[in-house]
Amino acid sequence: METVSIGIDVGGTNTDAALVCGAEVLALVKVPTNQADLLQSTREALMKILQHYNGTDPVRLHLSTTLQTNTIVEGRGAKTKAIVIPGPGVHLASLNLPFPLLELTGYVDHRGREVRPLDIDQVRRIQESLDNEEIEALAVVGKFSQRNPCQEELIARELSAWYKGHVSLGHRLSGRANFPRRIVTTCLNASIAQKQRDFLQILRGAKEDLVADIQILKADGGTMTLEESAQRPIESILSGPAASIMGVKALSRCQAKNFLIIDIGGTTTDLAAVVNGEVLFERDGAIIGGHKTLVPAVLARSFGLGGDSELNYHPGQGIQIGPRRAGTPVCLGGSALTPTDAAVAKGLVELGSKDRARSAWDVWARQLGLQAEELVEEVLRAFTRQLMAAVDAFYRELEGMPLYTVEEVLHPPRLKPDAVVGLGAPAEVFIPPLAKALDLPWEILPFSAGANAIGAAAARSTVGLTLHADTELGTITIPEMGYQGEIRRPLFFDLEKARKLGEEKTREYAKSLGYDATGDVYIVEEESFQMVRGFRTVGQRHMVRTQLRPEVRRIRIGGKST
Amino acid sequence: MTQVGLVFFPAFDWAISPDHPERQERLLYTRDQIQEEGLFDHPSIREYRPRLATDEEILRTHVVIPSLDSKITESHRIAAGGTIVAADLVIDGLVERSFALLRPPGHHANRIVHGSRGFCVLNNEAIMVDHLRSRLGPDLKVAIVDTDAHHADGTQDIFYNDPGVLHISLHQDGRTLYPGTGFVSERGGPGAYGQTVNIPLPPGTGDEGMLMVMERVVLPILQEWKPDYVINAAGQDNHFSDPITNMSFSAQGYAQLTELLGPDLVVLEGGYSIEGALPYINVGLLLALAGLDYSKVEEPYKGGGRQSRAISQDVARVCGEVMELWQKRSEVDLVQVFGEGDFFERHRQIYYDTDNIHEAQQDCVRLCTDCPGWRMIYTSSSRNRQPVAVVLLPWKPCRRCQREAKAQHAYLVDEASFEQVVWQSPAVKLG
């Protein structure tokens with residue numbers, strides 16, 4: 001039996017839904033997003049797509065929603081206080097973190113050694129210090145807690161005796177180093193936890209009989225269970241761009257190892273890159289509403305250039321497009337000319353009224369003292385020109401990523417694309433000239449307009465872990481699953497052993513969350529150092545970052561669409 | 001806040017030998033600490049990639065015998081190139097200050113290189129200075145303040161007769177530590193006399209002594225000399241926990257030093273307390289460079305920073321002595337120091353501890369009243385017994401020196417008694 005799944009991507013303007021059976025797309029629908037009540041439009045999309053389903057077997061639902069992204073961007077999260085253990089180092093107050101902090105003494109060093117224990121009286125006094133504050137959630141974050149979470153855990157145990165609100169612990173959310181980001185990530189997670197629980201409750205209540213299982217899409221393009229999303233709601237942010245990229249992975253026939261993904265929308269264009277067959281991820285984590293986090297996320301860069309962008313003419317410089325949206329294109333009844341109107345006037349696409357577009361170009365061209373055809377051409381050229389500049393800047397940024405080994409400097413990873421994959425409604429107009437300018441082959445994604453929903457439907461569950469082993473101290477830490485182990489035979493615990501353990505633990509963790517753990521576990525990153533003290537090797541330090549590969553189901557092209 | 005460019009290159013896959021202090025692990029904990037403190041993505045700090053230095057960029061400064069590729073690894077090329085990147089960031093105005101936090105280090109590398117000494121093959125600061133001049137012109141004035149615990153004998157050697165460079169090295173007294181030089185009496189060649197300033201400090205000197213040196217010597221000298229750029233050769237082995245020195249600076253002390261000095265460019269030198277010191281010194285240094293609050297930076301394991309009264313008196317005496325020499329530098333009769341003839345000649349034996357090579361050098365400087373004078377160096381070593389001749393011209397040679405140097409070069413080539421005759425002149429091409 002083929003798996004039937006529904007993908008829903010709640011976007012800023014539209015909510016897209018896709019019904020996918022095995023490798024075939026059975027239906028795509030689109031409804032306007034109700035910003036005041038996201039659940040209402042989500043439900044509407046679900047009802048509409050279910051009308052295309054004739055089967056009786058229950059379906060899975062993969063939901064990518066902007067709910068938490070909006071909560072964070074609009075600053076509507078619960079009032080959260082961070083209980084932090086900064087130890088010596090950067091003065092936290094100087095970082096101007098956007099959350100109130102309660103600093104405790106205590107300190108864990110880079111090896112995970114507890115240098116200074118917590119002051120237990122201070123921990124017990126947390127309750128008093130919170131008494132007069134309207135705090136709705138707590139985040140507990142220690143410096144280097146990813147190397148040893150003992151102090152965060154002790155505080156959590158003390159809190160559990162009396163605190164009824166949500167508590168997020170830093171080490172459970174990421175194994176990466178970066179204390180300020182860990183504070184921000186943990187606070188944001190705590191601040192949206194209640195909202196996520198409310199949302200899940202409504203979702204479960206509203207569940208159609210036909211929907212067997214609901215999964216939430218994450219910023220890394222994988223999915224998680226509702227239970228998991230209640231613990232780590234922060235991972236559901238920015239799932240929209242991830243959905244589109246998963247759509248590309250599901251639909252593209254591009255054979256190139258390296259390619260550029262360009263998603264052209266009405267207001268913005270998003271760029272993402274595939275290198276050596278893998279989608280590139282953010283180095284540290286997602287940035288949302290100006291907050292730098294440790295949330296694993298596909299690397300996507302957005303800029304204000306789209307089919308509905310505003311146009312400005314500067315004598316001598318020509319046309320400047322964007323960054324703001326002009327509104328509805330003239331051909332569709334709007335009042336301001338847009339790049340879409342240029343494509344319509346030139347006959348590159350059929351959309352709305354070509355005559356309306358043409359006469360508007362005539363009027364504007366006359367004002368500027370130009371020929372209408374000339375002006376239309378210039379708009380199309382300007383679009384390619386600006387897109388080229390953005391692509392250049394994007395790869396310049398990628399190529400600026402630091403390199404820490406001689407090997408990497410001598411043979412830097414080749415990031416440059418060998419092909420361009422375009423999606424979004426205006427892609428068929430604007431991708432070919434760009435690809436020609438870049439001298440690369442191109443592909444316009446089939447189902448271009450619903451690729452995000454198809455991507456959500458085709459996504460699979462993922463988990464990622466960070467294993468840190470120190471054979472001198474005999475410790476193994478996997479913060480994301482709260483695991484701390486001992487190395488019994490330090491001399492024999494080499495990198496290979498660390499890899500094996502990482503893989504094993506990833507499967508174990510995946511299974512405990514109810515995921516299909518038979519997929520490919522791969523090593524995202526690893527490092528291994530010999531530790532020498534006084535001309536004598538005292539141990540090895542291994543770090544292995546593993547992930548259950550965010551595979552997607554491949555979608556066959558040529559399926560029906562409605 | 002000051003914008004700081006950080007060129008971080010820990011060379012995680014390079015070591016002199018597996019258990020050598022210069023090994024893969026050296027900057028691992030520094031990386032961990034900077035990352036955990038969130039400084040790689042702090043708004044006032046931006047990280048940049050290093051690159052490989054070209055032959056030209058290296059050979060402008062060094063003469064490598066028998067050939068460049070026989071003596072350096074790619075890692076040396078990247079450390080030198082990273083230093084050049086750091087200089088370019090400041091020259092091009094992309095940042096206000098930059099920090100080349102990279103290895104292998106360089107300040108024991110002389111102009112002539114037969115191998116590795118004091119873990120160094122290429123002198124990163126010297127390559128940086130010559131890069132600055134190649135971009136901004138030969139009139140540029142650059143001061144190097146070397147705060148490594150070991151005397152910067154390589155940098156001193158390279159700029160010994162270079163009036164465009166002021167070289168100040170503060171270090172543990174050479175009678176008690178490698179390389180055994182760096183006394184106040186070493187003051188530079190005939191063309192730059194007084195511009196080599198050595199401040200040997202007694203073992204056990206702590207933050208107080210270091211701050212005294214900054215306030216009484218380094219800052220007043222810089223204020224008077226008015227360099228266009230100040231480079232800090234930031235060795236971190238004056239730290240109380242360093243395993244191969246005997247000093248007593250703390251991470252706070254290093255941060256204060258950085259704030260007082262306010263260098264335009266910083267290049268990492270030594271420092272081998274890789275867990276107990278480097279992570280904290282580097283965090284403090286970055287914060288101080290960026291004008292951020294470093295008051296909470298401290299080592300987790302205590303043990304230093306203080307010094308005894310006897311040391312304080314000793315440091316005060318050294319400061320007095322150095323300042324007196326500095327103030328009276330133009331009153332010195334150079335004839336008394338360098339003699340009366342056309343040339344000043346010196347013979348030196350140089351030991352390369354890391355590679356166990358003995359070099360013998362004969363160095364002749366033309367005593368010239370119009371420029372620092374052209375130079376001729378004959379060098380041979382236990383590894384390269386065939387002598388090599390080097391003819392050197394300064395950045396701003398007078399016409400007579402150019403003529404004489406060219407004639408000497410032609411003569412040496414004709415004579416054919418040298419394995420190699422090298423022409424090194426940043427400003428004048430042969431022929």
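Strand E1 of chain A and strand E4 (residues 59–64) of chain A run parallel and are joined by 5 bridges; strands are DSSP runs of at least two residues and helices (H or I) are DSSP runs of at least four, numbered from the N terminus, and two strands are taken to pair if DSSP finds at least two bridges between them. The model is a predicted one, in which local features need pLDDT of at least 70 and side-chain atom pairs count only at pLDDT 80 or more, while totals for chains, interfaces and linings use all residues. Residues are numbered from 1 along each chain as its sequence is written, and chains are lettered from A and ligands numbered from 1 in the order in which they are written.

In the pairing of E1(A) with E4(A), Ile6(A) stands opposite Leu61(A). E1(A) is also joined to strand E2 (residues 14–21) of chain A, by 7 bridges and in antiparallel fashion. A hairpin of 3 residues connects E1(A) to E2(A), and Ile8(A) is placed opposite Ala17(A) of E2(A). Strand E1 (residues 4–10) of chain A has 7 of its 7 residues buried, so it is largely enclosed by the rest of the structure. A residue is buried if 20 or more other C-beta atoms, placed from the backbone, lie within 10 Å of its own, exposed if 12 or fewer do, and partly exposed in between. Val4(A), Ile6(A), Ile8(A) and Val10(A) point one way from E1(A), whereas Ser5(A), Gly7(A) and Asp9(A) point the other way.

The domain assignment, automatic or from a database, divides chain A into domain 1 (4–73 + 197–244) and domain 2 (309–383). Their C-alpha centres lie 36 Å apart.

The largest nonpolar core (buried Ala, Val, Leu, Ile, Met, Phe, Trp, Tyr and Cys residues joined through C-beta atoms within 7 Å) has 126 residues, and Val7(B), Leu286(B) and Leu287(B) have the most contacts inside it. Helix H9 (residues 278–289) of chain B gives the most to this core, with 9 residues. Domain 1 (4–329) and domain 2 (340–424) of chain B each supply at least three residues to this core. Apart from it lies another core, of 125 residues, including Met224(A), Ile234(A), Ala435(A) and Val552(A).

Between the chains, 34 residues of chain A are in contact with 39 residues of chain B, contact being defined by C-beta atoms, placed from the backbone, within 7 Å. On the chain A side, helix H7 (179–205), helix H13 (406–410) and strand E26 (521–533) give two or more residues.

How values were computed. Two residues are in contact if their C-beta atoms, placed from the backbone, lie within 7 Å.
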